[in-house]
Amino acid sequence: MADPEEVQVSSQPSPPSCSLSSSDASSASFPGVPVSLDWPVPSRSREQTVDLLEEVELQIGDAAFSLTKLLEATSAVSAQVEELAFKCTENARFLKTWRDLLKEGYDSLKPDN
């Protein structure tokens with residue numbers, strides 16, 4: 001599993017809060033009518049966009065690798081749990097058999113009334 005230090009989370013700034021004027025609010029209820037929110041649109045060069053895309057692809061690859069390792073570990077633990085459950089079931093049967101035998105022996109030692 002990936003170390004917490006290896007996980008990179010990039011936080012995006014949230015859009016600025018806006019209050020709609022009455023004319024904007026009325027047009028917002030009608031689909032297809034543009035509403036200006038005055039959010040700044042960052043301008044990026046093609047090179048910056050490609051660099052960001054490559055970074056995202058690398059992070060996706062790292063996440064896929066980590067998830068694959070996690071799945072392998074989970075499968076191994078699952079197999080061990082199934083084996084343990086089987087052994088527990090066998091032990092329960094064994095103990096039940098002994099309990100029944102001990103009860104029969106105890107009952108046979110009781111004096112008949």
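**Figure 1. Salt bridges in the predicted model.** A search of the whole structure, which is a predicted model, finds six salt bridges. Side chains of opposite charge can pair when their charged atoms come close. The views in Figures 2 and 3 show some of these contacts, including the one in which the side chains of Glu-83 and Lys-87 meet and the one between Asp-100 and Lys-96.

**Figure 2. Close-up of the salt bridge between Glu-83 and Lys-87.** The side chains of Glu-83 and Lys-87 meet with a distance of 3.4 Å from N to O. Both residues belong to helix 2, and because they are four residues apart there, about one helical turn separates Glu-83 from Lys-87. Glu-83 has a relative accessible area of 46% and is therefore partly exposed, while Lys-87, at 45% relative accessibility, likewise counts as partly exposed.

**Figure 3. Close-up of the salt-bridge network of Lys-96, Arg-99 and Asp-100.** In this view three residues, Lys-96, Arg-99 and Asp-100, are linked in a network of salt bridges. Asp-100 takes part in a salt bridge with Lys-96, in which the closest N and O atoms are 3.9 Å apart, and Asp-100 also forms one with Arg-99, where the closest N and O atoms are 3.2 Å apart. Lys-96 and Asp-100 are separated by about one helical turn, because they lie four residues apart in helix 2. Asp-100 counts as partly exposed at 27% relative accessibility, and Lys-96 is also partly exposed, with a value of 48%.

**Figure 4. Close-up of the aromatic pair of Phe-94 and Trp-98.** The count of aromatic pairs comes to one. This pair is made by Phe-94 and Trp-98, whose rings meet edge-to-face, with 6.4 Å from centre to centre and 70° between the planes. The angle of 70° is described as edge-to-face because planes over 60 degrees apart are placed in that class. Phe-94 and Trp-98 are four residues apart in helix 2, so that about one helical turn lies between them. Trp-98 has a relative accessible area of 45% and is partly exposed.

**Figure 5. Close-up of a nonpolar patch on the surface.** Phe-94 and Trp-98 appear again in this view, where they form a nonpolar surface patch together with Leu-95, Leu-101 and Leu-102. Together, the five named residues have about 570 Å² of accessible area. Leu-101, one of the members of the patch, is placed in helix 2, which spans residues 46–109. The relative accessible area of Leu-101 is 46%, and the residue is therefore partly exposed.

**Figure 6. Close-up of a negative surface patch.** Glu-47, Asp-51, Glu-54 and Glu-57 form a negative patch on the surface. Glu-57, one of these residues, lies in helix 2 and counts as partly exposed, with a relative accessibility of 49%.

**Figure 7. The protein chain as the setting of the close-ups.** The protein chain has two helices and zero strands. Of its 113 residues, buried residues make up 1%. The chain exposes about 10600 Å², and carbon and sulfur atoms supply 61% of this area.

Methods. Residues numbered from 1 in each chain as written. Predicted model: local features only at pLDDT ≥ 70, side-chain atom pairs only at ≥ 80, totals over all residues. Heavy atoms only, no water. Patch = residues over 30% accessible without salt bridge, like charges linked within 9 Å, V, L, I, M, F, W, Y side chains within 5 Å. Areas by Shrake-Rupley, 256 points an atom, 1.4 Å probe, with all protein chains shown as cover. Salt bridge = Lys/Arg side-chain N within 4 Å of Asp/Glu carboxyl O. Buried < 20%, exposed > 50% of the residue type's maximum accessible area, 1.4 Å probe, protein only. Lys, Arg positive; Asp, Glu negative; His and termini not counted. Charge placed at Lys NZ, Arg CZ, Asp CG, Glu CD. Phe/Tyr/Trp six-rings, centres within 6.5 Å; stacked < 30°, edge-to-face > 60°.
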